[in-house]
Amino acid sequence: MIEFPILTLLVLVPAVGALLVAVISKRQPDLVKVTALLTSVLTGGMSLWVLFAFKSHNPDFQFVSQHTWIKPWGISWHLGVDGISLFLVVLTGVLFPLVIAGVDPHHDHKRYLSWMLLLEAGVMGSFISLDLFLFFVFFEIVLVPMYFLIGGWGYDNRVYAATKFFLFTMVGSAFMLVGIIATAVLAKADDGRVTFDLIKIAENATFAASTGRWLFFAFAIAFAVKVPLFPLHTWLPDAHTQAPTGGSVILAAVLLKMGTYGLLRFGVYLFPEAAVWARPLFLTLAVIGVLWGAVAATMQTDLKRLVAYSSVAHLGFIVLGTFALTTTAITGSVLQNISHGLSTGALFLLVGMIYERRHTREISKLKGLQKVAPVFAAAFMVVMLSSIGLPGLNGFVGEFMILIGSFATARWWVVVAASGVILAAVYLLWAYQRVFHGEPDEDNKAFPELRWKEASLLLPFLALIVFTGVFPKPMLNRIEPSVNKLLDHVEQNSDWQQPEPLEPVISEEGEG
Amino acid sequence: MLDLVWLIPALPLLGFLFITVAGRKLGDPKAGYFATAMVAASFAVTVGVFVDLMSKTAEERTHVRTLFQWIPVGSLKIDVAFLADPLSITMCLFVTGIGTLIHLYAVGYMHGDSRFSKFFLYLNLFAFSMLMLVLGSNMLVTFLGWEGVGACSYFLISFWHEKESAATAGKKAFITNRVGDWGFMMAMFFAFWAVGSLDYSVINGAAGGLTKTTATAIALFCFLGACGKSAQLPLYLWLPDAMEGPTPVSALIHAATMVTAGVYLMVRISPILEVSSSYAPTIIAIVGAATALFAATIAVAQNDIKKVLAYSTVSQLGYMFLAIGSGAYTAAIFHMVTHAFFKALLFLGAGSVIHGMHHEQDMRRMGALRTLMPITAGTFIIGWLAIAGVPPFAGFWSKDDILLFAYDKSPILWLVGLVTALLTAYYMTRQVIMVFYGKARWHDAHAEHGAHGDLVEGARSELAPHESPWMMVAPLVVLAGLSIVGGAINLPFSHNTERLVSWLEPVVVVHESTTAKLPLALVAIAVGLIGIAAAVLVYAKHKARVIEPQILADAWGYDRSVSNFMGGPGRKAFDGVVWADAHVVDGAVNGVGALVSATAGKVRKLQSGNVRNYAAAIGSGVVLLLVWFVVVRGML
């Protein structure tokens, strides 16, 4: 029986949608919007279907679909989803229709929507490809629409930002391309045929330690740029600040996750020995990123730039958890991918709404908004507290799991990184005070309250922020098995040994 | 009834959710009464659980109720579970009991405020968080409440957020607390690493098997957390500023309940503290004693009616940590309870005065109020006697208990405690005289630069202080009653009268004091009376010069130095990072970019604009790479 090719459709539907939008006449703007909305909603629906049909407590790839593509080079259309990618797929599927429906680009809807849908296809493809070549294709596709979205619908300095974004990522990709080709060629030695299949290479190929490390770095640089890991992060504040709101939301919520996801899937999984070897470097850069991003965020004068730097800090936590190489830490990282997507995505939406009203993002020009728009302020507050990592909201769960899970294998890094939670409170509360507290001045007196349309856009975010914070178990049940499988793979292919989980010690009689 | 323990926090949560949805419709005062009812219901459930626990034998008085799995991953198994035992239920009793009174009081105090229902929404959320903190059966649920009360404290301090100082104070409280929270998190990491669980039963049960270093680390990191939440040196800074919040908030959060969370945590993990290196409790005792004395000296020179009480709270919390450091955990809890009675009473009394004086807080503009506000004055005086350590009021017994154990630990600590007691009696007497006795000074237009220089001078003469409405006065009367008889829960005459000790004994380490009680008690009484007499001489009889040096009014300049550091070198360092980010990290990137474009200028001739040439170049490049990998490295 041929299974329903749901994953293939996840890529194809938005791709076809992009094409349709591109060919529909400009004179039919409504048709353009409806087409874009329908295809993205359809994709979102399918991603939810994947979520509900996904078998929890199952570590393997599910909904696998595999077809030979370029036979002589061993390239195939190989898609699959497991606990590590599942929620990224769902987040992508759910986020795009929200952004498409809720954020107005103001001009050139047709081209904008076409790029958006192509972007969605690329992102989806990246998260479900199980073939190195295919992954690379999707990874690169993503660049193009993002470049045009920033360059075409961004703000004053958009060309500089778009170019910087493009060049940074291209340089990383160049390394990865070399890495991919070399990996495939070198892996061939074992069975005589070239293959780009991720699973085949990971499970069968053995690289000499030095080779594996070179290859690992070729991949890791591309992902480190994408994450972005300190000191490769400087494209991010520019790109975020200049991108249109919709672009920023997508960029923060899913594009950056291609980096953290890639590090797990194509770094740790493919080159376990090298990943273990490179731990100190990545842990250190991650922790520097946590503090550096937070300190830089504190001093920003542009609200959007502040949120962008906060991403550098948050993503540092995720990389820390990834290279701590324990079940709890990596599961936390995978969960935090989603949590950060929700809270930072929502923050960018809110900042976008402020910009729509006031045509400025300068913190010093905003004042006293809580008095004139209390509901708007309350929404901002909840999202902000989630970003600060308040227990009971989503941000805390992942962050806590990362830190407590990393403590056994990366203690001193954790000690330092945990101070990032203090700084998170500093930069966000200070910004909140300057923007929302105080007596509103002339310019801010007429700041409109949250509208129904905006509220309905934010509501899914707020609901998920609370739900994930209170009851993350369903997510953990789906993520953890795949993480365990990955770690088993690492332990079999390197000298890494995850510390034995302690059985809770219960002595017969405590003191007193 | 025990299985219904989850209702204790659930009811205020329900109140919070309901007011969030329907608060504006309920309006003033119904939203307030609703919130009060929710906390009162929670109190009723607590009493039920308490009675249930009482009916069991001492060993069976620990009950865990698990609601659901919160974070189950790997070996980390964290449940949302509640622990009902003598310690947590004692806390719940006074949190919900005093909480109800203060909610009721706030209905009167906040009447007419444009954000009336929002105030009660926060207040209910606070009650929920505080009860989670207390009832959590593992450190993470406690931490949920711990951060929750911190957030509520932030909301409520900056409740009147249009005021710059209120907004700043709220932020300061949150951030300072986060420093402590870092310590709390570290303690959790160490505990989990060492025993594989965050459950109190497991951690405390495994105490005997821990290495001294681990136990010390857990205890001291918890103490750092406690220093933040309970406003001890060096993190006490936020509490005096927190007085920017409405007075019911100061009474509930910043006197009676939240600030005692640190004390609760230390008592909860007391078995760990018992097995840690001996310097750990000594550090705690020294910090406690130092904070007690330090804050008391500052309180002597404050003119804001609430600031006096704020520093007094810091000082009294210092006593509790002195008790913990001396191994007197039950004494710490005892003082926590009595302090909650009389300090809530004093704050609410101060609020009543402020309310009656139309938001005047400067004691130099008060005086002679006892005739105009008889109930407020009468109850305030009872609170004063309780805190000054006059027998038989509640504060005497608990303070005496602490001093007794401090003497066992070290006579020096005892002496510091004694001097603090002297100062406490002195500054509280000063406050009572300035507010309720002497001349009426509120008509004095020339009253020098008060805390609120912004008051319109003309309005002064029309000021007519008045007694507060019933819902404000009734809680005062109840709390005054408790401040008189509260000591009865733990009288030191025999084992039978030490009810609190025998109640807590199954869950808290109890030590016996070896020192003779009576002489120390007599000394303490004498010292308290001397303090009162001295203040009467200075402020009522004017027989001696007023000693209020500027440095004390400035809180020894500590707060200012910290702010100056943050605003000066701290800010410069942050700016330095931003500069480095733009010029070093990004500068390198732009430098490379410039280099590339310069080089590109020279090789521009290669740029033919012909796509086929590019494709050929890329293609041959890939081929070369392939060749290199296959031929040169490929057969490795």
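# Exercises on a predicted two-chain model

P234(B) is placed in the loop between α7 (212–229) and α8 (238–241) of chain B; helices (H or I, at least four residues) and strands (E, at least two) are DSSP runs, numbered from the N terminus. The model is predicted, so that local features need pLDDT of at least 70 and side-chain atom pairs count only at pLDDT 80 or more, while totals for chains, interfaces and linings use all residues. Residues are numbered from 1 along each chain as its sequence is written, and chains are lettered from A and ligands numbered from 1 in the order in which they are written.

## Exercise 1: backbone geometry

Determine which peptide bond involving P234(B) is cis, and which one involving P231(A) is cis.

Solution. Step one: the bond joining L233(B) to P234(B) is cis, with omega about 0 degrees. Step two: in chain A, the bond from F230(A) to P231(A) is cis, with omega near 0 degrees, and P231(A) belongs to the loop between α8 (209–226) and α9 (235–242) of chain A. As background, most peptide bonds are trans, and most residues other than glycine have a negative phi.

## Exercise 2: positive phi

State where F63(A) lies and whether F63(A) is buried or exposed, then place A368(B) in the same manner.

Solution. Step one: F63(A), which is not a glycine, has a positive phi of about 55 degrees, and it is found in strand β1 (residues 62–70) of chain A. Step two: F63(A) has 22 C-beta neighbours inside 10 Å and therefore counts as buried; the cut-offs are 20 or more other C-beta atoms within 10 Å for buried, 12 or fewer for exposed, and in between for partly exposed, with C-beta atoms placed from the backbone. Step three: A368(B) has a phi near 60 degrees, again positive in a residue other than glycine, and is located in the loop between α14 (329–356) and α15 (374–387) of chain B. Since A368(B) has 16 C-beta neighbours inside 10 Å, A368(B) counts as partly exposed.

## Exercise 3: two buried helices

Work out how many residues of α2(B) and of α4(B) are buried, and set the end-to-end distance of each helix against its expected span.

Solution. Step one: helix α2 (residues 86–109) of chain B has 24 residues and reaches 34 Å between its first and last C-alpha, close to the 34 Å expected; the expected span is 1.5 Å times one less than the number of residues. Step two: because 23 of the 24 residues of α2(B) are buried, that helix is largely enclosed by the rest of the structure. Step three: for the 19 residues of helix α4 (residues 139–157) of chain B, 27 Å should be spanned at 1.5 Å a residue, which agrees with end C-alpha atoms 26 Å apart. Step four: α4(B) has 19 of its 19 residues buried, so α4(B) too is largely enclosed by the rest of the structure.

## Exercise 4: helix packing

Find how α1(B) and α3(B) are oriented to each other, and likewise α13(A) and α19(A).

Solution. Step one: the axes of helix α1 (residues 7–54) and helix α3 (residues 116–135) of chain B come within 8 Å and cross at roughly 175 degrees, where axes are lines fitted to C-alpha atoms, for helices over the stretch in contact, and angles run from 0 to 180 degrees between N-to-C directions. Step two: α1(B) and α3(B) are therefore roughly antiparallel, a term for angles over 145 degrees. Step three: helix α13 (residues 303–324) of chain A packs with α19(A) at about 170 degrees, their axes 12 Å apart, so α13(A) and α19(A) are roughly antiparallel to each other. Their contact (C-beta atoms, placed from the backbone, within 7 Å) includes L303(A) and L306(A) from α13(A) and G420(A) and A424(A) from α19(A).

## Exercise 5: the interface and its confidence

Establish how many residues of each chain are in contact, and what ipTM the predictor gives the complex.

Solution. Step one: 58 residues of chain A contact 58 residues of chain B, and the largest share of the chain A side, seven residues, comes from α19(A). Step two: that side of chain A has 36 nonpolar, 16 polar and six charged residues, with Ala, Val, Leu, Ile, Met, Phe, Trp, Tyr, Cys and Pro as nonpolar, Asp, Glu, Lys and Arg as charged, and the others, Gly among them, as polar. Step three: the complex has an ipTM of 0.93 and a pTM of 0.92, and chain B averages a pLDDT (the predictor's confidence in each residue, from 0 to 100) of 88.

Methods
Two residues are in contact if their C-beta atoms, placed from the backbone, lie within 7 Å. Angles under 35 degrees count as roughly parallel, over 145 as roughly antiparallel, 65 to 115 as roughly perpendicular and the rest as oblique.
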